[in-house]
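Take a look at the model below. This report walks through its aromatic rings, its nonpolar cores and its cavities.

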Amino acid sequence: MPNEIYLCLMNFVEYFKSPDNSSLQIILSVFLVLFYLVVRNLTARILKRYGKKKELSLPRVQYTTKYFNFVFFLVFMLFIGLVWDISFKGLSVYFISFFTVVGVGLFAAWSILSNITAAVILFFYFPYKIGTRVRIMDGDNSVEGLVYDLTLFSMLIKNSEGQLITYPNNMALQKAIVVLSDS
């Protein structure tokens with residue numbers, strides 16, 4: 001499926017492209033920039049509306065919006081590269097080198113990436129919010145307290161002794177969580 005989309009886009013660009021027609025590239029670039037800005041703003045509005053509806057904290061909405069903006073920017077840059085016929089064969093050496101270094105870095109810190117992904121999942125499905133009393137069932141390491149904050153990497157839970165416990169988002173997806181009282 002991705003190869004078919006790529007071939008379709010390449011055929012579209014090649015069809016309208018001629019050696020002396022850079023005005024089409026400029027028009028397509030302007031269209032892509034406008035489309036990118038509209039999609040980005042529309043997504044931000046949808047996420048803000050969703051956050052208000054679910055009574056989510058503003059930082060959670062902002063983190064998720066930044067995450068989506070980054071993904072949209074990467075897709076936008078890919079399309080701009082297709083319009084301007086940037087040789088991906090020439091750039092492949094740079095991409096391979098870059099992704100090798102990033103891959104080693106992410107392998108060393110894979111939990112950071114999984115926590116960010118879990119934060120996005122928890123943004124859309126989160127049966128508890130700040131102020132909810134919860135118990136995370138983790139055997140001998142169970143945690144009980146008030147949800148104090150929800151960040152991009154972790155949940156902050158304040159226990160009955162006033163201690164602030166940081167619980168990783170990826171673990172929150174893997175463990176059973178009992179809602180003791182809703183705020």
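## Aromatic rings

Six aromatic pairs turn up in a search of the whole structure. The model is a predicted one. A pair of aromatic rings is described by the distance of the centres and the angle of the planes. Phe-73 and Phe-76 make up one of the pairs, and their arrangement is tilted. The centres are 6.4 Å apart, with 40 degrees between the planes. Both residues sit in helix H3, three residues apart, which means that about one helical turn separates them.

Are these two rings buried or exposed? The table gives the values.

| Residue | Relative accessible area | Class |
|---|---|---|
| Phe-73 | 36% | partly exposed |
| Phe-76 | 13% | buried |

Phe-76 counts as buried because its relative accessible area, 13%, is under 20%. Phe-73, at 36%, falls in between the cut-offs of 20% and 50%, so it is partly exposed. Tyr-36 joins them: ring pairs link Tyr-36, Phe-73 and Phe-76 into a cluster.

## Nonpolar cores

In soluble globular proteins, nonpolar side chains tend to be buried together. Here the largest nonpolar core has 13 residues. Which of them touch the most other members? They are Met-155, Ile-157 and Tyr-167. Three strands give two or more residues to this core: E1 (133-137), E2 (143-150) and E3 (154-158). E2 has the largest share, with three residues.

Another core lies apart from this one. It has seven residues, including Leu-24, Tyr-36, Ile-80 and Val-83. Tyr-36 also belongs to the ring cluster described above.

Back to Ile-157 and its surroundings. Neighbours within four places in sequence are left aside here. Its contacts then include Val-134, Ile-136, Val-143, Leu-146 and Tyr-148. Gln-163, Leu-164, Ile-165 and Tyr-167 are also among them.

## Cavities

Rolling a probe the size of a water molecule over the atoms shows where empty space is left. How many cavities of 30 Å³ or more does the search of the whole structure find? The search finds two. The largest has a volume of about 90 Å³.

Its lining includes Arg-60, Tyr-63, Phe-123, Leu-150 and Asn-169. By class, the lining has eight nonpolar, three polar and one charged residues. Arg-60 is the charged one, because Arg counts as charged. Helix H3 (58-83) and helix H5 (110-124) each supply at least two lining residues. H5 gives the most, with four.

How values were computed:
Residues numbered from 1 in each chain as written. Predicted model: local features only at pLDDT ≥ 70, side-chain atom pairs only at ≥ 80, totals over all residues. Heavy atoms only, no water. 1 Å grid on protein atoms, 1.4 Å probe; cavity = no way out; pocket = protein on both sides within 12 Å on 5 of 7 lines; lining within 4 Å. Points joined across faces, edges and corners; volume = space filled by probe spheres on them. Core = buried A, V, L, I, M, F, W, Y, C linked by side-chain atoms within 4.5 Å. Buried < 20%, exposed > 50% of the residue type's maximum accessible area, 1.4 Å probe, protein only. Contact = heavy atoms within 4.5 Å. Phe/Tyr/Trp six-rings, centres within 6.5 Å; stacked < 30°, edge-to-face > 60°.
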